[in-house]
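Please load the model in your viewer and keep the selection panel open, since each stop on this tour begins with something to select.

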Amino acid sequence: MDPVLSGETLAKLRRPRPYPAVSLVMPTHRREPDNAQDPVRLRNLLAEAEKALTGDPDVPRERRLDILDQLGRAVAETDLAHAEDGLVIYAAQGEHQVWSLPRTVPERVVLSDTFLTRNLVAAHAAEQPSWALAVAADRVSLWSGDPERTVESTREGFPLTRDLEAPDVEREERVGDLPSTWQDEAARQFLREAHEKLRAVLASDPRPLYVLGSPPALALLEELGPLAPETVRVPHGGLADGPAAAVHDAVEPARAERAAAAVTGLAAELDEARGRREFAGGIDEVWRAVQEGRARLVAVEDDYRTVVREEGGHLEPAGADDPGARDDMVDEIVERALDTGAEVRFVPGGTLAGEGHVAAVLRY
C-alpha cells in the first residue's frame, strides 16, 4: 500500500462527494501466471462502471463524462505489473485516486455519495505502519515502513539538513575550541527542530517509532523529551541517507520482537476479558458488539476472510452467489470498530483459531 495513507488521508477520502462517487475494487495478483488475468478483470470492471453510470438517470451527462474521463486516467496510472493483493480505484467529479493494497479484496463496483473505504481502512490497520527516524550530524530523515517495505517520507519538511563546515575550522583546531559533534549548541538546535517536526508528524499520524543513530545522537535526542510511547532506540548510525532497504533491515529485528510481544500480550488480554465476561468471539458475536459500540479492542487474523449473510439479526455462513451475501464483512467490522473508537489489532493466521479467527474485548 502507498505508505502516505494516514488517518488524515482516510478522513478526506470518506468525505461525501456530489453523487456519484465511484469505487472500483478488485483482487490482484503478485506473480505469474495468476497476474495475467488482472488486466482483463480491470477492463471488465471498468465496463461495468461505465454501464452503471450510463444507466443511472440521477447522473447528469456532463458529470458522467467527467467521471468516465477520471476513471480512464486512473486505469492508465494503474501499474498491474507491480500489483499487490488488491486494487482500489476512486473516481468522482474532478478527481481520481489509485490504491494498491497488500490485502485481498472482493470485486465490486459501487456508486454512492461517498467512496467505499472499508477495504482501505482494514488494509491500513493490517499494514501495521511505523515511523523510523534516522539521525546523523548533518541530516535527519523520516522513513515510513511496514513489515514488507520502507520508503522515505517528506512529511513536515523532512529530511532536515545542515552544513557542518565551520567558518574557521583551522583556527578552532589551533586554539582547541572545536566542539564535539553532539555537544555544541548548533547540534542541539538541529535536533530540537527535528524533535518538534517529528512530534507534529506523530500528532497527525500516531505510529510505533524507531529511532536510529549513534549512541551520542540518541542520547541527545532523548534529552529533548519523549516522542512516542514505547519508542525503540536502534543504535545504528550511517542511515540518515538510506538506502531504504538498509533502514528496513535495521528496524526489522526490533519490529519483529515488538510484534511477537504484542501477540503474547493480546492472548493474556483476551483471557482476562473472558474471565470478566467481557469477551466476544467469532464473526457474529464481534459484529454485534461492534455495531452496538461495545467493543474496546478487536483482534483479527490478518488472513481471515469469510462470506456471510445477515439473517434475523445474526450473521450466517453463505455462498458467494447467495442473495444478500457479504464477502468483506471482516473489513466492515474493522472500519466500524475504528469509527467507534475501538483499537484494532491484526495477528498472524491461526492465532485466534479457538476464538473463530476474530475476537473482541468489550467495554461492558
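## A helix pair

In this predicted model, begin by selecting helix α9 (residues 283-291) together with helix α10 (residues 329-339), whose axes come within 9 Å and cross at roughly 30°. Because angles under 35 degrees count as roughly parallel, α9 is roughly parallel to α10. The crossing of α9 and α10 is left-handed.

To see the contact itself, show the side chains of I283, V286, W287, V290 and Q291 in α9, and then those of M329, V330, I333, R336 and A337 in α10, which they meet. If you colour the contact of α9 with α10 by residue class, you should find eight nonpolar residues, one polar residue and one charged residue.

## The largest pocket

Next, turn to the largest pocket, which holds about 1,500 Å³ of space. Which residues should be selected to find the centre of the largest pocket? Select A125, Q128, P129, P208 and V344, which are the closest to the centre among the 46 residues that line this pocket.

With those residues in view, add the elements that give two or more residues to the lining of the largest pocket, namely α1 (7-13), α4 (118-127), α8 (244-275) and β15 (343-347). Of the contributors to this lining, α8 gives the most, with seven residues. Colouring the lining of the largest pocket by class divides its residues into 24 nonpolar, five polar and 17 charged.

## The largest cavity

Keep α8 selected for the last stop, as this helix also supplies residues to the lining of the largest cavity. The structure holds two cavities of 30 Å³ or more, and the largest cavity has a volume of about 80 Å³.

To place the largest cavity, select S130, G145, T150, H248 and V251, which lie nearest its centre among the 13 residues that line it. Then display β5 (130-135) and β6 (139-145) beside α8, since each of these elements supplies at least two residues of the lining of the largest cavity.

Which element gives the most to the lining of the largest cavity? That element is α8, with five residues, and α8 also gives the most to the lining of the largest pocket, with seven residues. By class, the lining of the largest cavity has five nonpolar, five polar and three charged residues, a division that you can set beside the 24 nonpolar, five polar and 17 charged residues of the largest pocket.

Methods: Residues are numbered from 1 along each chain as its sequence is written. This is a predicted model: local features need pLDDT of at least 70, side-chain atom pairs count only at pLDDT 80 or more; totals for chains, interfaces and linings use all residues. Side-chain values use heavy atoms; hydrogens and water are left out. Axes are lines fitted to C-alpha atoms, for helices over the stretch in contact, and angles run from 0 to 180 degrees between N-to-C directions. Helices (H or I, at least four residues) and strands (E, at least two) are DSSP runs, numbered from the N terminus. Angles under 35 degrees count as roughly parallel, over 145 as roughly antiparallel, 65 to 115 as roughly perpendicular and the rest as oblique. A crossing is left-handed if the near helix is turned anticlockwise from the far one by less than a right angle, and right-handed if clockwise. Contact means heavy atoms within 4.5 Å. Ala, Val, Leu, Ile, Met, Phe, Trp, Tyr, Cys and Pro count as nonpolar, Asp, Glu, Lys and Arg as charged, and the others, Gly among them, as polar. On a 1 Å grid over the protein atoms alone, a cavity is a set of points where a 1.4 Å probe fits but cannot get out, and a pocket is an open set with protein on both sides within 12 Å along at least five of seven lines; lining residues have an atom within 4 Å of a point. Grid points are joined across faces, edges and corners, and a volume is the space filled by probe spheres set on the points.
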